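Please open the model in your viewer and keep the sequence panel beside it. The stops below can be selected one after another.

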Amino acid sequence: MAKTELPQVETRLYINGKWIEGSEDKRAVTNPATGETLIEVHQGGEKETKDAIAAAKAAFPKWSTMAASQRAELMNKMADLVDEDAERLATIMTMEQGKPLAQAKGEIQTNVENLRWNAAEGQRVMGDIIPSPATNQWQVRKQPIGVVGAITPWNFPSNMIIRKISPAIAAGCTVVLKPAEDTPLSALALMELFDKAGFPEGVVNIMLGDAATIGEILSKSDDVQKITFTGSTEVGKTLNEQAAPTLKKVSMELGGHAPYIIFPDADLELAIETLIETKFGNNGQVCTSPNRVFIHKDIKEKATEMIVEQVKQVTVGNGLDDPTTGPLINQEGVEKVEEQVEDATSKGAKVLVGGSKMEDGEFANGFFFQPTVLDGVTKDMNIFYEETFGPVIPLVEFEDEEKVIEDANDSEFGLASYFFATNIHTIDNVSNKLQYGMVGVNDTEISNSATPFGGVKHSGFGRENGTYGVEEYIEVKFVTIRTAK
């Protein structure tokens, strides 16, 4: 197993352009592959959160009126710094979050792309002139919404931050960031680069501390005009309730439970290869991960054999050793997967490969779970309805196209969905009827800087990335100017 020193990284809060120590007890950051404490980071509370909001509010007037091209120049400088520092950023991410180093490096490069995309898109936020009577001029102006509270998760501890901050600052907003408690180091490393890039004081701030306390203050503050959150549906509902009295704008990217349907005319080799690659990315700890795999009965036996064979080839280990997949984030994550597998098997599902926690040798102190395939999954099993944040592939057999659409939609979630088919009528029908914000047809690459990302139902509302992402941070103002009597 790889032994690597944690790269140097800040551990303090960053508020109003200054690194400050927190008033609360420090919190340890743990490597999920080894169980060792990497470092302790400072924690703040109510005072620091309010100070960060005040700093962002004070910075907003100047930042929002700065030329979009000037904001873009700073964002492109930030992109350059992220690119130059990619190795350190990726190593930090792997050590605190667990994902394989190659995947961490890919996430960092996505940050570079996202910064550059939004730097350009921020310069394309344009209003309208509406045809009007000769005595009037009607204008629609698009202006930044104000201070943004951004709350991000641990599974993509770097990209989720950039995906929220980039469009916000490109539009002219200022930000108070609250990263996940399990993975603060990636956020702090990015904040070092924002500081190095020369962003004005107060434009970007980071708060570390109790998530519930900080989230509530951000949500209830009248000085915060927007909350953007990625995380669980349960927490999203709480934040939404807390924000409601202030009538602030809210966007939520919440849980997912993606169906993955393989029709009998599909390119089976492509479908299985893509399933394995997508499912074991970040060890299944992805809100868009395939969680219910529906396979047509005519190809079920062959497809199952192919899946089992390929899952057996999946390597598990410390992310620094470049395995296929790494550990789960913590013991709670392991227990959730164990509970789902135990429930399914007690109700008739069969474990074809894997099925238990890995505890021997190099896995003894980490949070590892075997790559697993469950066959015979039915609706009376928890795994059919509960989001699986782990390396488990549940197989469900189907016969009828309309029935599998119905079963795929039988979920409170509506984020990502996938299906593999070659018949054009099937492609048109299924893509139209799946009740999800994103549909991948013979493809699972549904997230990039230029296209909208988000869901429906209990998966939330609002969109990230592309033009739609920047619009989330914009207010529309109508101006009418009488030019004659």
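Begin by selecting strand β20 (residues 416-420) together with β21, which in this predicted model pair in the parallel sense over four bridges. Within that pairing, pick out Y418, whose bridge partner in β21 is G440.

Stay on strand β21 (residues 438-441) and display its side chains, which alternate along the strand. M438 and G440 point to one face and are buried, whereas V439 and V441 point to the other face and are not buried. In a regular strand, the side chains alternate between the two faces of the sheet.

Next, widen the selection to the open sheet of seven strands to which β21 belongs, and follow the order β14-β17-β18-β13-β12-β20-β21, in which the pairing is mixed. The edges of this sheet are formed by β14 (350-353) and β21, each of which pairs on one side only. Neighbouring strands of the sheet are turned against each other by 25° on average, with direction ignored.

Within the sheet, select strand β13 (residues 290-296) and strand β18 (residues 392-398), which run parallel and are joined by four bridges. Here H296 stands opposite F398 in β18.

Now add the helices that pack on this sheet. Helix α9 (residues 268-279) touches β12 (258-262), β13, β18 and β20, and its direction makes about 160° with that of β12. Helix α10 (residues 300-311) also packs on the sheet, touching β13, β14, β17 (372-375) and β18, and its direction makes about 175° with that of β18.

From edge strand β14, move into the loop between β14 and β15 (357-358), where S356 is placed. Is S356 buried or partly exposed? With a relative accessible area of 33%, S356 is partly exposed. Leaving aside neighbours within four places in sequence, S356 is in contact with F369 and Q370. Select V341 as well: its C-alpha atom is separated by 8.4 Å from that of S356, the two residues being 15 residues apart along the chain.

For the last stop, select helix α7 (residues 211-220) and helix α8 (residues 233-243), whose axes come within 8 Å and cross at roughly 40°. The two helices are therefore oblique to each other, and α7 passes α8 in a right-handed crossing. To see the contact itself, display G215, E216, S219 and K220 of α7 with L239, Q242 and A243 of α8; these contact residues divide into two nonpolar, three polar and two charged.

Notes
Residues are numbered from 1 along each chain as its sequence is written. This is a predicted model: local features need pLDDT of at least 70, side-chain atom pairs count only at pLDDT 80 or more; totals for chains, interfaces and linings use all residues. Side-chain values use heavy atoms; hydrogens and water are left out. Axes are lines fitted to C-alpha atoms, for helices over the stretch in contact, and angles run from 0 to 180 degrees between N-to-C directions. Angles under 35 degrees count as roughly parallel, over 145 as roughly antiparallel, 65 to 115 as roughly perpendicular and the rest as oblique. A crossing is left-handed if the near helix is turned anticlockwise from the far one by less than a right angle, and right-handed if clockwise. Contact means heavy atoms within 4.5 Å. Ala, Val, Leu, Ile, Met, Phe, Trp, Tyr, Cys and Pro count as nonpolar, Asp, Glu, Lys and Arg as charged, and the others, Gly among them, as polar. Buried means under 20% relative accessible area, exposed over 50%, partly exposed in between (1.4 Å probe, protein chains only). Two strands pair if DSSP finds at least two bridges between them.
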